[in-house]
Amino acid sequence: MIDLYFWTTPNGYKVLQFLEETRIDYRLVPVNISKGEQFDPEFLKISPNNKMPAIVDHDPVEGDEPITVFESGAILLYLAEKTGRFIPQDQKGRANVLQWLFWQMGGLGPFAGQNLHFVHYAPKILPYAIDRYVNETARLFKVMDKQLAESNYLAGDYSIADMASYPWVAIYKRLQQDLNDFPNLKRWYEQIKNRPATIIAYRKGTSINTIPTVTEESKKILLGQNAKTLAA
Ligand SMILES: N[C@@H](CCC(=O)N[C@@H](CS)C(=O)NCC(=O)O)C(=O)O
């Protein structure tokens, strides 16, 4: 059994997609980050960065002790290795998937996250910041679009690299992007959106929460963090 500590944001959906694709035994443990549940001391033992997703694997392949993993990229890789699914076994194919997974984790995720922040949540309108992150998101979408002109998925067959990127592309409107500018990305987006596992993952997500994570109330929890937040 895998416990997935989850809330309805792109990083959470990455892992939920994997669990639904593989139909591995799992349980969703909601962590309402709008209410500050990510600061629960028990959760911080699993995820010291006070962010979801995180997992606890109660049936690890090696040993009897449960294994905990935080960071969505590390979780996807852990689960791919555990199940032997959605990552090739040969060195070249593996390196290909890993470079796109790390590209998402170091590029698309953080820059799109800043895009959301400055476009939707910042207390002041800062045109320089908005332009910088909206433009960088567009550049990153173009990187995917060019890759997807050559390949059906980002790194060969459908893989953890696609699962990592999909939830961030799925929010393209909020990121001020038009998928008609990226026809190969649009084709890829539609393909993944219509996978039965993706449909179920998003249905399960919305069964636990349908309201926006960042509201005027939750901004105090989510946007005002500093070292003191974790000092206790
Ligand atoms: N790099 C991390 C980012 C995770 C992340 O940013 N999670 C956010 C929601 S998308 C969160 O839990 N935020 C709670 C907080 O910042 O207190 C990953 O990919 O797992």
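# Buried strands, a ligand site and unusual backbone angles

N50 lies in the loop between α2 and β3; helices (H or I, at least four residues) and strands (E, at least two) are DSSP runs, numbered from the N terminus. This is a predicted model, in which local features need pLDDT of at least 70 and side-chain atom pairs count only at pLDDT 80 or more, while totals for chains, interfaces and linings use all residues. Residues are numbered from 1 along each chain as its sequence is written, and side-chain values use heavy atoms, with hydrogens and water left out.

Q: What is the phi of N50?
A: Most residues other than glycine have a negative phi. N50 is not a glycine, yet its phi is positive. The value is near 45°.

Q: Is N50 buried or exposed?
A: Buried means under 20% relative accessible area, exposed over 50%, partly exposed in between (1.4 Å probe, protein chains only). The relative accessible area of N50 is 6%, so N50 counts as buried.

Q: Which peptide bond is cis, with omega near 5°?
A: Most peptide bonds are trans. The exception here leads into P53, a residue placed in the loop between α2 (41-46) and β3. The cis bond runs from M52 to P53.

Q: Which residues of strand β3 are buried on one side and which on the other?
A: Strand β3 spans residues 54-57, and both of its faces are covered. A54 and V56 are buried on one side. On the other side the buried residues are I55 and D57.

Q: In which sense do β1 and β3 pair?
A: Two strands pair if DSSP finds at least two bridges between them. Strand β1 (residues 2-6) and β3 have four bridges. One of the bridged positions is I2, whose partner in β3 is D57. The sense of the pairing is antiparallel.

Q: Which residue in β4 stands opposite D57?
A: β3 is also joined to strand β4 (residues 67-70), by four bridges and in antiparallel fashion. D57 is thus named in a bridge to I2 and again in one to β4. In β4, the residue opposite D57 is I67.

Q: How many bridges join β1 to strand β2?
A: Strand β2 covers residues 26-30 and runs parallel to β1. Within this pair, D3 stands opposite R27. The number of bridges is five.

Q: How many of the residues of β1 are buried?
A: Both faces of the strand are covered. I2, L4 and F6 are buried on one side, and D3 and Y5 on the other. The count of buried residues in β1 is five of five.

Q: How far apart in space are F6 and I55, C-alpha to C-alpha?
A: F6 is found in strand β1, and its relative accessibility is 0%, so F6 counts as buried. In sequence, F6 and I55 are 49 residues apart. In space the C-alpha distance is 8.8 Å.

Q: How far apart in space are I46 and L4, C-alpha to C-alpha?
A: I46 has its place in helix α2 and is buried at 10% relative accessibility. I46 and L4 are 42 residues apart in sequence. Their C-alpha atoms are separated by 11 Å.

Q: What separates the C-alpha atoms of Y166 and I192?
A: Y166 is in helix α6 (residues 160-170), buried with a relative accessible area of 3%. I192 is 26 residues from Y166 along the chain. The C-alpha separation is 7.4 Å.

Q: What is the phi of F86?
A: F86 lies in the loop between α3 (72-83) and α4 (91-121). F86 is buried, with a relative accessible area of 12%. Its phi is positive in a residue other than glycine, near 60°.

Q: How many residues surround the ligand?
A: A residue is near a molecule if one of its heavy atoms lies within 4 Å of it. The closest are Q38, K51, E71, S72 and Q225. The total number around the ligand is 13.

Q: How much of the ligand does the protein bury?
A: An oxygen atom of the ligand is 2.8 Å from a side-chain N or O atom of Q38, and an oxygen atom of the ligand is 2.7 Å from a polar side-chain atom of K51. For Q225, the distance from a side-chain N or O atom to a ligand oxygen atom is 2.7 Å. Taken alone, the ligand exposes 510 Å² (Shrake-Rupley method, 1.4 Å probe). The share of that area buried by the protein is 83%.

How values were computed. A polar contact is a pair of N or O atoms within 3.5 Å; within protein, one must be able to donate a hydrogen and the other to accept it, and residues adjacent in sequence count only if both atoms are side-chain atoms.
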